[in-house]
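Here are my notes on this one, in the order I'd go through them with the viewer open. Shout if anything reads oddly.

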Amino acid sequence: MCAGPPGPPDTDGTAGARPHAEPRPAGTPRTVGTVWGLLVLNTLGSAGAKTIVPLPRSLIQMATMGALVTAFALALALNLRLRIRTSAYLFLLTLMLVLSVISSAHLESGFGALFRCFRLALFVGTLWLLSRWWDGPLFVRHHIRTYFAVLASVAAGLVVSPGAAMPDLYGGRLVGALWPLTPPQIGQYAAVIIGLTVLLLLGRRTTGASAATVIVPSLVLLALTHTRTATVALLIGLVLAVGSLVLTSAAARRFFTWAVLSATVAAVGLSSLLQAWFLRGQSQENFSNLTGRAKVWDALLAAPRTTTEQLFGVGLGDKSFGGLPIDNSWLAVYNEQGLAGVTVVAAIIIVLGGVALLRPPSLSRACAIFLISYCAIASYTEAGLGDASPYLLHLTVAAALLAAPAAAAHGPTAGALTAGALTSGALTSGALTSGALTSGALTSGAMPGAPVPGVTTPKVTVPGASAPGAARRRTPPWAHGTEGT
């Protein structure tokens, strides 16, 4: 059987987890995955190398914008009653939208700024509508599968036309030959799904064959892009994420030990090769100023600004200054949304990071830490935290992973009682009165009315019984189930 993309993480930890994908949570429409895929398509952008079949940029923009409109329409159709989840992350994104409208109202960046505000409004609105079904493991699965499909198109372009996929214009680095994608984009997508898949494998939420199906080709594509930012962010993000599991997971401890040994051997034996890969044929001076980025940053900071521009920026634009890309999320936000926007972005990172640190060790927490740290590190040489972008989708998955289950806010609900809880004696009266008996408990042998392994049915003497002096066996309350209570 052909192995597929890995399944989602276990929100309760890694101990005792089965190495198989979990079923889709009850009540979550399959269309949610379609909506997420459309959001990913919208954030692919239209700038990149020449494709095998020339695609007009206007056509690509129509496709990406049409994907966003369709995603919003589908999400609204699924959630007509506008049931949403309260979220500090989405509130901060909404505040970012308000600041973007304020900064763009002066039209210093032209009418395109208002169009970008409209796009951001649809993007944030779709995330609000999807928040009703926020389930971290489910969104991790959608995230991996969607970006793996994008990488599959890159690999197909490389097979069909190697020359178009690795043009001299980009120094022989891998680009999208079927859909215009730049090397940093491909590197980002590959690094994110590699990190998430490694964590799922450590948490025994996927098989080795499924993980290899994703990790191996993604590593090859990442290496061909020569993307330093994605590689460094992947390594640091994995160190932080695996480190959060070291105290509770033997697999994480083994992986961490082998990773350190492998890194040491590679640093000693392959130092010249690694140095050549990182330099990409650039001079030491060009490498030190980050391929010319530092010059653009200095010019942006030295440009004169009014007080209003310093506070609210000049409006949403194409993340460039003087015709050159800014390639820094913080400076791009400062240029377009001012110091107020920088404050909001910093609050997003701090809030998500703080919540992750306060959560108990678990696989979901580790995945969230990886995504948050990856975005924070990549923000130094990549723009996107202030507008609709893959980075906001990564952070949305992290927020979903850190969100408390919807049932937790209203007490125990169906699905909160498992066979493991029965056999371990961890059974509370609150669980009994809430109907918290799941199909997992039924299929594991804990059938209603049947004896549970490890639990002794008490004999109760009932006064006034039909047979005086005889003890009558009563079935304890938990064996009747709670349906209809």
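1. Starting with the fold: the protein chain has 20 helices and four strands. Keep in mind that this is a predicted model.

2. On overall packing, the protein chain runs to 485 residues, and 45% of them count as buried. For contacts with a separation of 6 or more, 74% come from residues 24 or more positions apart. The exposed surface of the protein chain comes to about 22900 Å², with carbon and sulfur atoms supplying 67% of that area.

3. Now the charged pairs. How many salt bridges does the structure hold? The count is three. As background, side chains of opposite charge can pair when their charged atoms come close.

4. Take Asp-327 and Arg-293: they form a salt bridge in which the closest N and O atoms are 3.4 Å apart. Asp-327 sits in the loop between strand S2 (324-325) and helix H15 (329-358), while Arg-293 belongs to helix H13 (residues 293-302), so this pair ties together parts that are 34 residues apart in sequence.

5. Are those two partners buried or exposed? Asp-327 is partly exposed, as its relative accessible area is 22%. Arg-293, at 17%, is buried. The cut-off for buried is under 20%, so I'd quote the percentages along with the labels for Asp-327 and Arg-293.

6. Next, Glu-336 and Lys-319 meet through their side chains in a salt bridge, 3.2 Å from N to O. Glu-336 is in helix H15 and Lys-319 is in the loop between helix H14 (307-312) and strand S1 (320-321), so the link ties together parts 17 residues apart in sequence. Both Glu-336 and Lys-319 are buried.

7. Lys-319 also has a salt bridge with Asp-387, and here the closest N and O atoms are 3.0 Å apart. Lys-319 comes from the loop between H14 and S1, and Asp-387 from the loop between helix H16 (363-378) and helix H17 (390-402), so the pair ties together parts that are 68 residues apart in sequence. Asp-387 is buried, just as Lys-319 is.

8. Which residues end up in one network? Salt bridges with shared partners join Lys-319, Glu-336 and Asp-387. If you're picking a spot to zoom in on, I'd start with Lys-319, which pairs with Glu-336 and with Asp-387.

Notes. Residues numbered from 1 in each chain as written. Predicted model: local features only at pLDDT ≥ 70, side-chain atom pairs only at ≥ 80, totals over all residues. Heavy atoms only, no water. Salt bridge = Lys/Arg side-chain N within 4 Å of Asp/Glu carboxyl O. Helix = DSSP H or I, 4+ residues; strand = E, 2+ residues; numbered from the N terminus. Buried < 20%, exposed > 50% of the residue type's maximum accessible area, 1.4 Å probe, protein only. Contact = heavy atoms within 4.5 Å. Areas by Shrake-Rupley, 256 points an atom, 1.4 Å probe, with all protein chains shown as cover.
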